[in-house]
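Please look through the sequence and the 3D structure shown below before reading on. The report that follows is meant to be read with both of them in view.

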Amino acid sequence: MKKRLRKIIFSAILYLFSMCVKFDNIFINNILFFISYIIVGYEILRKAVRNILRGKVFDENFLMSVATIGAFGIGEFPEAVAVMLFYQIGELFQSYAVDKSRKSITSLMDIRPDYANVYRNGKEEKVDPDEVQIGEIIIIKPGEKVPLDGYLIEGKTNLDTKALTGESLPREVEENDEILSGSINLSGVIKLQVTKQFGESTVSKILDLVENASSKKSKSENFITKFAKYYTPIVVIIAVIIAIIPPIIIKDASFIDWLYRALSFLVVSCPCALVISIPLSFFGGIGGASKMGILIKGSNYLEALSKTETVVFDKTGTLTEGVFEVQKVEAIGISQEELLKISAYSEYYSNHPISKSVKKAYGKEIDEKQIIETKELSGLGIFAKIEEKEVLIGNEKLMNENQIKFTRCEEVGTVLYVAINKKYAGYILIADKIKEDSEKAIKDLKKMNIKRTVMLTGDRKKVGEAVSQKLNIDNVYTELLPDGKVQKVEELLKEKSDKGKVAFVGDGINDAPVLALADIGIAMGGLGADSAIEAADIVIMTDEPSKIVNAIKLSKKTMRIVNENIIFAIFVKIAVLMLSALGLSTMWEAVFADVGVSVIAIINALRVLNVKK
């Protein structure tokens, strides 16, 4: 870009000098114009000749070369230089715009790790991340990138996850937390046990998504590519006809006059504004999305997203946290703390998610000596002997079978009823917590005129309907197996309008078939299953449902800019093409219709990079 800018400045100085200073011998002015032209136009002439030799005749380099050489041929030296000079200014704007939008995406490339510190044979070794095996221990020091996915086994730190999630707030991690590659260690020295090889790690998959995003073109891009392929030879033929036919059939017609019109026609006809600005708009849209922690695998998905009319959600892990937590402790005859303690001791040897949530809620160290006996009662719960107390903890059936009178809990969730020495002592309510921004996401989708929101879940009807009601979702289908979800999405695909799209949002392994089936598959990627991320078209790195609203808004903004550029460029070009053919415009109007329109379209396309967090 700097080299091109220097050429433009030097050429422009020579050009202005030739325009302002009139020598007695006009030949000197013409020589200065020619030198100015060669400085700024040599690269274009060279590309035109090279492409002709390769059989690629009709491109913008050919059009610019023919038009400017023709202008020299009819003695219009200043206009010939001006056309090339302004064309190169337009190319400079294009380079700047592409560079800016590429930087917004390739900033992600900074997450690629250069090395990994592996602990082998009692000492630390610096190796390539590809050489690290699953189960090995790696050490990450402050300021270093996390090279591979793993679990924290020693240490405590803050991680910068901005490149992965778009969030600037550091994430605090401690022992047993899962850590994703691509994060940057900000404070303490930590040790990780590797859970995935580099090729399967989060950082590797993200880089692969980004690098291949531009290969999947949208319908608009494919249309413009085909349009330029047929359009350019047609306008060259029309220009030849304008230059040759009128002087032959019209009496007293000047060949120079009609050749000038044909050359102006050629300058106007260059389809740069469309060929450059439309892919740039999509490229910028993908870059803008990556800033927000949204990875879009191709511009075709960005375009499809703008036509979304139905959004289908999985429940667990998508609208809810996917983590069971104690929501309520109701104690009778004893304190809540005592009830929670007895329950945690009773559940101590169980690894069931429900048991883990009780122990987590208790949060204190458990003295195993106090646990005399525990026995799992299949389909009912647990019998335990804690010091002198006999404890029954489980479902309603357990209480009924032991003839214990209890008060039934009507709240939605998993209820653990507790009896101590055959006497009812209260209950613990455990439920999957709804994500903080789920309600906002559904509300914002409705504001955007999304016609329908749907929730699919394998949970019981009562649980599914409670979540659906709280979030104000239009339709809910419960107790679905994976094939049931596929069937429901197939039905929704049949019900959509011709141009409308169905988006499915999920995170689990059983969501992969539905993600692949929907028009747009959106995976919650931060904690989502690998198969779901592979099958999805869009990955939300932060697991926030509200990011779906951001993605749809960005896609609509991108398509609005694309359509603005198409309409503006075609309207101006048709108007000036007609004026050129009729001899009512000069080469200066032609320059505006080509370079001016391109620069305006490029500047307009850059707007898509301006995203709000």
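The sections below describe a surface patch, a buried glycine, a group of strands and several salt bridges.

## The model

This is a predicted model, and every value in the report is computed from it.

## A nonpolar patch on the surface

A nonpolar patch of about 750 Å² is found on the surface, and the residues that make it are Ile-237, Val-240, Ile-241, Ile-244, Ile-245, Ile-248, Ile-249 and Ile-250. One of these residues, Ile-241, belongs to helix α7, which covers residues 219–249. With a relative accessibility of 45%, Ile-241 counts as partly exposed, because that class covers values between the limit for buried, under 20%, and the limit for exposed, over 50%.

## A buried glycine in helix α9

Gly-284 is part of helix α9, which covers residues 272–291, and Gly-284 is buried, since its relative accessible area is 2% and buried means under 20%. The C-alpha atom of Gly-284 is separated by 5.9 Å from that of Val-608, although these two residues are 324 residues apart along the chain.

## Strand β16 and its partners

Strand β16, made of residues 414–420, is largely enclosed by the rest of the structure, because six of its seven residues are buried. Strand β15 (residues 389–394) pairs with β16 in the antiparallel sense over four bridges, and in this pairing Val-391 stands opposite Ile-420 of β16.

Strand β17 (residues 423–434) also runs antiparallel to β16, and seven bridges join the two strands; here Val-415 stands opposite Leu-429 of β17. Together β16 and β17 form a hairpin with two residues between the strands, and Asn-421, which lies in the turn, has a positive phi of about 55°.

## Salt bridges between distant parts of the chain

How many salt bridges does a search of the whole structure find? The search finds 21 salt bridges, and two of the pairs described here link residues that are well separated in sequence. Lys-191 forms a salt bridge with Glu-154, and the closest N and O atoms of this pair are 4.0 Å apart. The pair links distant parts of the chain, for Lys-191 lies in strand β9 (residues 190–194) and Glu-154 in strand β4 (residues 150–154), 37 residues apart. Lys-191 is partly exposed, with a relative accessible area of 22%, and Glu-154 also counts as partly exposed, at 45% relative accessibility.

A second salt bridge is formed where the side chains of Glu-411 and Lys-328 meet, at 2.7 Å from N to O. Glu-411 lies in the loop between α13 (396–401) and β16, whereas Lys-328 lies in strand β12 (residues 320–331), so this pair ties together parts that are 83 residues apart in sequence. Glu-411 counts as partly exposed at 35% relative accessibility, and Lys-328 counts as partly exposed at 29%.

## A salt bridge within one helix, and a network

The side chains of Lys-488 and Glu-491 meet in a salt bridge of 3.7 Å, N to O. Both residues lie in helix α16 (residues 482–495), where they are three residues apart, or about one turn of the helix. Glu-491 counts as partly exposed, with a relative accessibility of 32%. Elsewhere, salt bridges that share partners join Arg-120, Glu-125 and Glu-136 into one network.

Notes:
Residues numbered from 1 in each chain as written. Predicted model: local features only at pLDDT ≥ 70, side-chain atom pairs only at ≥ 80, totals over all residues. Heavy atoms only, no water. Patch = residues over 30% accessible without salt bridge, like charges linked within 9 Å, V, L, I, M, F, W, Y side chains within 5 Å. Areas by Shrake-Rupley, 256 points an atom, 1.4 Å probe, with all protein chains shown as cover. Buried < 20%, exposed > 50% of the residue type's maximum accessible area, 1.4 Å probe, protein only. Pairing = 2+ DSSP bridges.
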